[in-house]
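User: I'd like to go through this one and check why each label is what it is. Can you take me through the reasoning?

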Amino acid sequence: MEKELMAECAIFLEKYNVNVFKLNEWRQVVRNETFSEDAYMEIVDYFAIDVLRQGNSFASSKSDIKITYFLGNELYQFLSSEKNRGKAEILTSSLISTIATDMANMYNMDVFIVTGITNLIVLGIVKMGINAWCRYFEEKYEKEPKK
Amino acid sequence: MLQGTYDFDDIVKIDCNNAYGEINVYVHEMAHWGLAKNTLFGILSFLVKQISEEPGMGKLYEIGKVLHDASERTNECYAMCSELIFAESQRPDLYDGFYGKFREQQYYLQYQFQELDFLMSLNMDIAEKSNLIDRIFTLAMNIDITKYTEASCWSSAENLLHFFLSEGKGCYPDFRLEKILQALKGLMLSGKDVDISDEDIIAHGNIMQDEWSTDNVVSFLENLMEQFRQNSFSTGLLERNVENLLKNGIQLGYNLKRKDNFERQFHEAILPDCLTQKYVFEALESDIELIEQKNISVATIYDYGEDTLLELTDTLQGKMYSMVSNRKDVSNGQWSDKCGMVFYFDDINSVKGYWKKVFRRRLFYQLKNRYSEFKSYIEPYCTSSKHIFLYRLNHGAFFVFVMGKDDDVFFTCQSMINLDYVREDIEAGFYKMVEFEDTDCIDGIFCRNIDDWKIFYNIVLYASQVKCGMGSKQEFLDNIMTY
């Protein structure tokens, strides 16, 4: 899954002609054996704002800068629920598509772009491992760990 | 919302809808303009952008993008600092609120401006702080990369990117900015938070810099010319600039094309344009008969010889259609008498020679240029009287309409900041202002019949997209500017 996601993300980022230095940095971070989610999400935040602005300059709003958090939170709620906890196999393309479509509709954003951003976030989760990522998300946003 | 753009070009575009909105948008875009014109890396990016637009030089576009991307954060952070300095100096009472809102903006997060917050909170005189900020960003951008590049670096975007990421890291402005910020933090921790010299920053940041002097700029251009020649890139623009520099030396706000005074250049660089298109856009099939089914009030024709691109606007409904066609089909189309015909062109004589015979009516020529360029361009195509009228779009932008020979009309949209230059020309007799008679909206030159004003009104709507619908004659008259 990791390789497929990487390829999809790269196509998405190239389509939006993102900053070539940031693209290079992103490639290095995802290929690095010691993965840093903070460093990774800093780049993803940059890409998210950039592609959303390119996608529709009319609709850019405060929700743009929070979209990565909103998507991360949706993924966290799903992955940390009692039903799904620890199940790596649930992280499928249809889940990504469902979450992205819901969020795109909710914030009036382009579904293609939000799917691309969701893929970028999911790649980070895959790199880190679901459980480790959930713990990271809980600590970063001071979420009460689910029992 | 997009409010302004600067694309390493010679002008700054401000959205005509927001031309009067927030002054900080002007400040932001003009900061980009200033940094591009007064630093070696800025000049390099500017030149590559200009050359990439020459015929056959499209391969330089990707190289230009690498240069843009290498200095993107530096450029944006400088523009943001300039906005904050402006707010702090002009409206200190509103500064905290402005900064608060600023932190919620996309750019703040995207360009990690939080790393520069320490600069903005320095307890310094505002003039000194502004000076320090100018020096920091100038240092980040003042690097003659031709000293370190081989000709092969310019052969592809990948090669140039590789150069910046390896041996050329010291020439990469965003990397240099990072080092400068670290050096400044170090200097401030050691208690040196006033009188920080360029030498202090260079020594602590461990960076090289090239001075902004005539000799350095000439040698940079000559090196670039040689490296470009080896890659079969056009060097005419570089040669002309070397000649110009050797003759005139370098000035503040070094301008690659003109020698007019700096303040006027600065003002004229701000052009209102339609950046946030509000009209609904639709591409039509290449069938000229489709035009008859639409209520087209303004047809814009991009004349490329045999090929034409049509941009057709229904200002009543706020719709814009595009269509690729050819001269013959467009000539045979059924065009309403009420439709304003606007042209963009490479060769005005070709347009006049062909289209004037086809349409047998008044043609409009839109120029998106600085006011001085507009003025000198239209002169050979106007009679000595050069009748003019000015139309106020909003508090920040106005349209200039000038009568040309053959009853054709030249027009441009300009920033209100340039109104005095037009007024000076009217006063000096370069133009003759017409007067509209109130009841029928007739001036005898531009509008001779009772409904002629509608074409001008539609052209203003098409060019600005500020609104759609049918305006009233009174609204039109109210916005005609009197001297």
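Analyst: Sure. Keep in mind that this is a predicted model. Let's start with helix H1 of chain A, where A:Leu5, A:Cys9 and A:Leu13 are buried.

User: What makes the buried residues of H1(A) line one face of the helix?

Analyst: Looking down the axis of H1(A), the buried residues fall within an arc of 65 degrees, so they line one face. The general rule is that an α-helix has 3.6 residues a turn, so residues three or four places apart point the same way. On the other side of H1(A), the exposed residues are A:Lys3, A:Glu4, A:Ala7, A:Ile11 and A:Glu14.

User: How do you know that the length of H1(A) agrees with what a helix should span?

Analyst: H1(A) runs over residues 2–15, and at 1.5 Å a residue its 14 residues should span 20 Å. The end C-alpha atoms are 20 Å apart, so the two agree. Just after H1(A), A:Asn17 takes a positive phi of about 50 degrees.

User: Why is A:Tyr107 called partly exposed?

Analyst: A:Tyr107 has 17 other C-beta atoms within 10 Å. Buried takes 20 or more and exposed takes 12 or fewer, so a count in between is called partly exposed. This residue, A:Tyr107, sits in the loop between helix H5 (93–106) and helix H6 (111–128) of chain A. A:Tyr107 and A:Ile67 are 40 residues apart in sequence, with their C-alpha atoms 8.8 Å apart in space.

User: Over to chain B. Why is H4(B) called roughly antiparallel to H8(B)?

Analyst: The axes of H4 (residues 72–90) and H8 (residues 126–141) of chain B come within 11 Å and cross at roughly 170 degrees. Angles over 145 count as roughly antiparallel, so that label fits. The contact includes B:Tyr78 and B:Ile85 of H4(B), and B:Ile133 and B:Phe137 of H8(B). Its residues divide into eight nonpolar, three polar and two charged.

User: And what makes H4(B) and H10(B) oblique to each other?

Analyst: H4(B) and H10 (residues 173–189) of chain B pack at about 55 degrees, with axes 6 Å apart. Roughly parallel needs an angle under 35 degrees and roughly perpendicular starts at 65, so this pair is oblique. B:Glu72, B:Arg73 and B:Thr74 in H4(B) meet B:Pro173, B:Asp174 and B:Leu177 in H10(B). That contact divides into two nonpolar, one polar and three charged residues.

User: Last one: which residues of H17(B) are buried, and how do you know that they line one face?

Analyst: In H17 (residues 371–378) of chain B, they are B:Tyr371, B:Phe374, B:Lys375 and B:Ile378. Seen down the axis of H17(B), they fall within an arc of 95 degrees, so they line one face of the helix.

Definitions and conventions
Residues are numbered from 1 along each chain as its sequence is written. Chains are lettered from A and ligands numbered from 1 in the order in which they are written. This is a predicted model: local features need pLDDT of at least 70, side-chain atom pairs count only at pLDDT 80 or more; totals for chains, interfaces and linings use all residues. Helices (H or I, at least four residues) and strands (E, at least two) are DSSP runs, numbered from the N terminus. The expected span of a helix is 1.5 Å times one less than its number of residues. The arc is that of the directions from the helix axis to the C-beta atoms. Axes are lines fitted to C-alpha atoms, for helices over the stretch in contact, and angles run from 0 to 180 degrees between N-to-C directions. Angles under 35 degrees count as roughly parallel, over 145 as roughly antiparallel, 65 to 115 as roughly perpendicular and the rest as oblique. Two residues are in contact if their C-beta atoms, placed from the backbone, lie within 7 Å. Ala, Val, Leu, Ile, Met, Phe, Trp, Tyr, Cys and Pro count as nonpolar, Asp, Glu, Lys and Arg as charged, and the others, Gly among them, as polar.
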